[in-house]
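Visitor: Can you walk me through some aromatic pairs and one serine in this model?
Guide: Sure, here it is.
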4 protein chains.
Amino acid sequence: MPGNHFGQAFRISTFGESHGPALGVVIDGCPPGLTIDADFIAAEMARRRPGQSALVTQRKEGDAVEILSGVFEGRSTGTPIGMLIRNADQRSKDYGHIARSYRPSHADFTYQVKYGIRDYRGGGRSSARETAARVAAGAVAKLLLAQYGIHARAWVSQVGEIVLDRPYAELDLDGVDAHPTRCPDPATAERMETLIRAVRKDGDTIGGVVSAVVQGMPPGLGEPVFDKLHADLAKAMMGINASRGFEYGSGFAAAAMRGSAHNDAFAMQDNNVVTTSNHSGGIQGGISNGMDIPFRVAFKPVATIVAEQDSVDQDGNAVTVSGKGRHDPCVLPRAVPIVEAMAALVLADHLLRYRAQGHYDGTSEEVQSDGVSSGPPQKPTE
Amino acid sequence: MPGNHFGQAFRISTFGESHGPALGVVIDGCPPGLTIDADFIAAEMARRRPGQSALVTQRKEGDAVEILSGVFEGRSTGTPIGMLIRNADQRSKDYGHIARSYRPSHADFTYQVKYGIRDYRGGGRSSARETAARVAAGAVAKLLLAQYGIHARAWVSQVGEIVLDRPYAELDLDGVDAHPTRCPDPATAERMETLIRAVRKDGDTIGGVVSAVVQGMPPGLGEPVFDKLHADLAKAMMGINASRGFEYGSGFAAAAMRGSAHNDAFAMQDNNVVTTSNHSGGIQGGISNGMDIPFRVAFKPVATIVAEQDSVDQDGNAVTVSGKGRHDPCVLPRAVPIVEAMAALVLADHLLRYRAQGHYDGTSEEVQSDGVSSGPPQKPTE
Amino acid sequence: MPGNHFGQAFRISTFGESHGPALGVVIDGCPPGLTIDADFIAAEMARRRPGQSALVTQRKEGDAVEILSGVFEGRSTGTPIGMLIRNADQRSKDYGHIARSYRPSHADFTYQVKYGIRDYRGGGRSSARETAARVAAGAVAKLLLAQYGIHARAWVSQVGEIVLDRPYAELDLDGVDAHPTRCPDPATAERMETLIRAVRKDGDTIGGVVSAVVQGMPPGLGEPVFDKLHADLAKAMMGINASRGFEYGSGFAAAAMRGSAHNDAFAMQDNNVVTTSNHSGGIQGGISNGMDIPFRVAFKPVATIVAEQDSVDQDGNAVTVSGKGRHDPCVLPRAVPIVEAMAALVLADHLLRYRAQGHYDGTSEEVQSDGVSSGPPQKPTE
Amino acid sequence: MPGNHFGQAFRISTFGESHGPALGVVIDGCPPGLTIDADFIAAEMARRRPGQSALVTQRKEGDAVEILSGVFEGRSTGTPIGMLIRNADQRSKDYGHIARSYRPSHADFTYQVKYGIRDYRGGGRSSARETAARVAAGAVAKLLLAQYGIHARAWVSQVGEIVLDRPYAELDLDGVDAHPTRCPDPATAERMETLIRAVRKDGDTIGGVVSAVVQGMPPGLGEPVFDKLHADLAKAMMGINASRGFEYGSGFAAAAMRGSAHNDAFAMQDNNVVTTSNHSGGIQGGISNGMDIPFRVAFKPVATIVAEQDSVDQDGNAVTVSGKGRHDPCVLPRAVPIVEAMAALVLADHLLRYRAQGHYDGTSEEVQSDGVSSGPPQKPTE
């Protein structure tokens with residue numbers, strides 16, 4: 001019922017507030033025997049961390065992840081992996097002015113209505129700082145997916161009106177982090193950086209779009225009705241702070257297309273079934289078909305701005321509010337690892353759900369039982 | 001794990017194939033005492049039914065709903081409501097040609113890979129016929145929401161390149177069904193109809209956009225992290241056959257905006273907190289703020305077309321496939337009641353989840369216990 | 001939230017009232033490719049059916065199961081299996097006398113308090129007739145388990161003070177149905193039948209115990225903390241109408257034992273790890289160890305008796321109530337297939353959950369990927 | 001799918017191993033505004049803590065609970081409550097001897113089979129140390145239940161063959177902690193203590209029974225089919241380490257009873273419906289009827305004993321194993337707070353689930369909407 005857990009088979013529960021003692025996550029369902037590379041987790045955290053460049057908030061957090069359980073001698077044991085991230089650089093006194101006032105386009109008012117009480121410091125749990133726990137969990141999901149050759153990569157494709165309009169096949173998706181904007185086209189990246197600096201100078205903020213693609217997908221992942229693979233991706237992306245829209249494959253452009261132009265023909269390639277175009281975005285009937293899964297997520301501009309804005313307080317009095325605390329002029333560069341983390345969590349979950357399903361074997365006419373093998377020396381009765 | 005159920009507190013499980021004996025749904029969690037208006041359910045079914053106009057598939061289905069349980073003397077009892085819709089006009093022999101071939105941009109291939117077996121007749125469970133069960137359940141959700149003054153209304157706002165570009169406040173949202181296109185602007189509706197007729201004549205299909213708005217929302221619905229109200233709406237909409245994109249509030253347009261233009265100022269109106277603009281789309285931090293919730297869903301063109309298309313069969317042989325059976329040239333008019341049904345299911349679920357939460361009472365400083373009252377004559381120990 | 005579904009990976013949702021049009025169940029998660037033997041399902045239904053012997057209620061129900069979906073050409077397709085059981089012999093007029101009165105030790109009062117409305121005819125959903133849907137679903141679970149050599153068998157081991165006190169290894173568990181009491185020891189069965197006939201003649205009812213054993217278990221099923229295999233069995237059994245207690249392995253007798261006597265030594269047998277005694281009941285740390293799983297379920301006497309009893313009505317007036325309608329003097333014989341069905345549902349669920357987990361391979365030091373294989377001709381990228 | 005979370009509306013996720021850095025729990029769904037009494041939580045932890053008396057293990061753990069989130073200025077905020085308990089007195093070197101050997105009646109073998117890897121130190125996650133996290137979460141559940149006057153109290157009613165045979169109404173249930181055995185009958189407690197000391201001297205262990213009763217119950221809690229209140233209690237209790245049986249109300253004794261003796265007559269008392277006996281154990285049809293809920297849980301003797309025992313190792317070699325490390329001769333005294341904690345978690349969950357249900361109001365003929373009220377100054381549209 002409450003909404004702080006995600007996934008069914010690879011399931012996470014997160015906790016923590018922006019200015020509380022710590023954030024954390026419990027992963028329940030990580031398969032045993034997986035090498036848990038702490039350096040990789042740290043590197044993923046560094047990609048999301050505040051203060052990593054001049055383009056983002058200057059709050060200083062090392063975001064070190066302490067693994068509390070579920071890992072023994074470097075490998076997952078199949079029991080829950082608890083991970084803890086201490087908050088270090090809280091400056092809660094910056095937030096006294098909003099203890100009873102509602103910041104425009106923040107969650108102050110809705111939390112107050114829903115709960116009757118709120119931790120107003122830094123937005124409490126509504127802060128994007130909460131996503132640190134997701135990135136930690138997503139790093140473990142990425143380690144699992146890498147065993148299967150599955151990779152989710154994201155990049156910044158729009159900031160304000162500056163749009164990167166090249167197909168992803170032409171981009172260096174492994175070099176996304178080379179520029180602080182995380183736009184993999186150098187010329188566009190420069191223009192985006194100039195815009196973000198100008199917006200910051202104005203005390204303003206700006207929106208944008210993160211594009212992503214999942215590659216190396218096996219076919220068969222996703223459930224056909226409500227838990228379509230793209231439906232779960234949509235939920236995952238729309239659950240990221242400040243997101244406003246999601247599209248995959250042909251996206252909103254499909255609305256203007258005819259079926260004769262949109263349909264993807266099947267063909268054989270290296271003994272595999274492939275499609276010769278990919279308007280389907282690698283998913284048909286909610287189930288992956290083995291092609292790439294491209295998708296896009298729109299983000300609104302960050303709500304905290306320097307200018308004075310009209311609002312009301314808890315007693316219904318008119319007030320004005322202006323941004324204090326440390327904030328991002330543009331959330332897009334830091335959204336990239338979060339989009340990847342959420343995509344990895346969805347894919348890891350569906351990977352394990354697919355394992356549970358069991359499957360028909362074309363040759364033996366029987367349900368296969370390979371999912372129930374066991375460690376030595378015991379053999380199951382099969 | 002499997003994906004044929006939806007919701008947590010107002011939970012549905014659906015079943016049924018396009019050419020099987022019946023479709024059905026079980027609603028588990030409908031509050032007791034609700035008047036179940038069978039005529040209203042039938043009217044909702046009629047809005048989705050095939051053959052309702054010349055613009056849609058001519059399959060003939062009465063789509064009568066038999067209520068099997070959970071209703072006594074016209075009212076819900078709190079036990080599961082089972083609903084059954086018999087299939088009548090299956091013409092399964094139309095589908096022999098795809099028993100082993102994969103129709104382009106259909107789910108034939110992915111079902112075969114995932115399950116190793118498939119009911120190929122009419123697409124089996126991947127057929128949009130499956131949505132009949134959702135509309136039946138959604139009708140019950142609508143009856144519940146109406147008790148709270150909450151209404152979800154949808155309409156067709158784009159077919160191909162024909163776009164309805166008027167704010168919803170100017171439209172007659174209660175008169176959407178007046179035109180078979182379900183576009184509430186008569187002039188645009190005429191142009192859309194002309195286009196759909198032309199597309200059908202070409203043996204082709206066309207995509208479009210359904211717009212929707214939830215009105216009468218109380219504030220406080222939605223869970224703040226993963227189960228944000230708009231995240232659950234996104235999942236619900238992306239779970240509808242052929243959808244390709246979702247946006248709410250300012251949507252993808254937010255990417256080009258600055259915070260100073262995007263932020264919604266708070267103000268008092270009739271002793272209520274309101275926002276003077278609504279780029280937030282009625283949701284802040286994942287929780288409703290009491291304003292309208294506008295959103296849009298993009299649909300791709302239907303995959304079944306008359307022209308011959310290249311494909312492969314189960315053995316990897318090259319084949320050609322062309323559309324037989326009866327299909328919609330444009331799914332948009334029939335998508336309107338489905339969008340409304342899925343929105344109603346999300347809202348009903350969050351309404352009950354909010355009830356479970358309990359809430360702080362501003363005056364008494366204690367958790368309220370009103371959720372645990374009971375029928376006469378017994379009074380709980382409180 | 002509502003409680004009419006059971007299981008996570010092999011998940012069922014049930015619906016239906018004793019005197020409504022029908023009962024039913026949706027199985028979501030049955031693996032594809034399983035041969036669905038309709039005769040076997042019918043035979044299981046016949047074991048639970050009323051009127052099968054002189055020892056049970058004489059209500060006449062054929063309990064024919066109509067399969068509505070999820071099966072194609074005799075095999076499961078991986079989509080939900082909907083099953084319908086029409087009610088035939090309702091005599092609802094028998095129940096007018098309890099429309100406003102609370103029958104002692106029935107659920108009339110608690111339903112009224114909880115829901116404020118109730119379908120009083122035959123107890124509505126609180127009737128054991130609801131278990132017909134469980135037996136139908138359990139039959140499918142049994143078909144799946146049989147593929148793995150797993151079998152759950154139950155029998156009547158106590159009626160009133162008549163106790164069958166022989167170890168199950170000495171009993172003919174395949175011949176349980178030979179006697180209408182379902183006690184596999186002929187002499188004890190005769191004594192039980194005599195007692196039940198006497199109790200019926202008195203217009204009274206009598207309790208008892210069903211014993212059961214799961215055989216052919218592979219090791220590794222069950223989750224170690226909350227969802228221990230025996231915890232899920234306990235919940236399943238205590239969810240059957242009229243059950244009052246559950247024990248497994250050494251059971252309540254363990255309370256009087258010392259560790260030195262209770263511990264089960266490990267040994268090798270046919271290259272398998274076995275235990276030389278089985279006080280652990282085949283489960284250690286919540287996980288199956290490959291040995292048999294014996295358990296017992298206590299049932300109270302049926303509440304409906306002929307004698308007049310004191311009670312109150314909905315307005316708080318003192319009333320007397322006496323049993324009308326058709327009821328079982330002893331629920332035990334019919335409880336046997338229900339206990340087996342619920343056990344099968346738990347085991348099928350944990351079988352699939354174990355598949356999802358993935359597992360460490362003792363030789364390759366890597367997580368295995370065999371769960372993500374696919375049908376021909378496509379091969380996943382692994 | 002994995003089993004380390006419990007509850008639906010008041011939901012916990014636990015993590016941690018016996019000899020890892022820490023144990024912890026996340027509570028998702030605690031209603032906002034609840035005063036979180038840290039001293040009460042600490043007192044509950046002290047009741048479960050090792051080393052509290054000469055009768056239990058002498059491992060030294062302060063079991064201090066650090067609250068990481070979800071509490072602001074002493075009250076719950078409605079966001080997840082993260083709680084951390086650091087391990088202090090690990091002596092992992094005590095466990096080298098079982099790195100590859102299977103201790104009889106422990107979970108060493110089953111973990112190895114299931115996961116192919118295990119943290120053998122102190123039993124890893126299979127250790128009863130894991131229950132510290134449950135007691136911390138249970139303490140919060142108790143604080144919530146106390147707002148409604150609901151209390152779950154447990155005590156030791158059997159150790160070995162020493163049985164406390166007095167009705168609970170005669171016992172001082174508030175004075176259970178007065179004796180280190182937690183048996184509230186002083187004479188029986190003395191005999192139990194003498195037995196436990198003798199067993200310990202023998203290097204052996206002994207089983208027993210914990211009895212419990214829930215008092216102050218409102219009617220209406222529990223879901224009628226699978227999630228019956230007693231079914232969820234059974235699962236909760238059988239999920240505690242070393243439990244072997246569960247019974248409630250008349251329990252196994254009901255098997256020998258006749259309906260005429262077992263039925264509980266209804267009567268009015270102080271304008272409330274009550275039953276004049278309580279064989280139903282306060283639950284009818286799975287739903288609480290407002291009477292006390294008495295239940296009993298059987299525990300086997302602890303598996304770790306000093307004597308040498310036969311076993312095998314991971315390679316299938318015969319070995320002998322004898323108990324090292326620090327262990328309890330009798331788990332019963334420390335099981336008391338765990339039984340109470342698990343009962344509280346079940347009740348808190350069903351309390352919130354009942355709130356979500358909504359309910360019929362006998363006077364207004366409409367579903368009530370009181371669950372969707374909101375904090376000032378906003379009023380929902382109702």
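Guide: This is a predicted model. Ring pairs join Tyr102(A), Phe109(A) and Phe266(B) into a cluster.

Visitor: How many aromatic pairs are there over all chains?
Guide: The count comes to 34 over all chains. One of them is Phe226(A) with Phe6(B), a tilted pair at 5.3 Å centre to centre and 40° between the planes.

Visitor: Where do Phe226(A) and Phe6(B) lie?
Guide: Phe226(A) is in the loop between strand S10 (208-215) and helix H5 (229-238) of chain A, and Phe6(B) is in strand S1 (residues 5-6) of chain B, so the pair joins two chains.

Visitor: Buried or exposed, those two?
Guide: Both Phe226(A) and Phe6(B) are buried.

Visitor: Why is the pair of Phe246(A) and Phe295(A) called tilted?
Guide: Their planes are at 35°, with ring centres 5.8 Å apart. Tilted covers plane angles that are neither under 30 degrees nor over 60, so this pair is tilted. It links distant parts of the chain, 49 residues apart: Phe246(A) is in strand S11 (residues 243-248) of chain A and Phe295(A) in strand S16 (residues 293-299) of chain A.

Visitor: Now the serine. Where is Ser105(B)?
Guide: Ser105(B) sits in the loop between strand S7 (81-86) and helix H2 (108-115) of chain B. Its relative accessible area is 7%, so Ser105(B) is buried.

Visitor: What does its side chain reach?
Guide: The side chain of Ser105(B) reaches the backbone nitrogen of Asp264(A) at 2.9 Å. Beyond its neighbours within four places in sequence, Ser105(B) has contacts including His262(A), Phe266(A), Gln284(A) and Lys300(B).

Conventions
Residues numbered from 1 in each chain as written. Chains lettered and ligands numbered in written order. Predicted model: local features only at pLDDT ≥ 70, side-chain atom pairs only at ≥ 80, totals over all residues. Heavy atoms only, no water. Helix = DSSP H or I, 4+ residues; strand = E, 2+ residues; numbered from the N terminus. Buried < 20%, exposed > 50% of the residue type's maximum accessible area, 1.4 Å probe, protein only. Polar contact = N/O pair within 3.5 Å; in protein donor to acceptor, adjacent residues only side chain to side chain. Contact = heavy atoms within 4.5 Å. Phe/Tyr/Trp six-rings, centres within 6.5 Å; stacked < 30°, edge-to-face > 60°.
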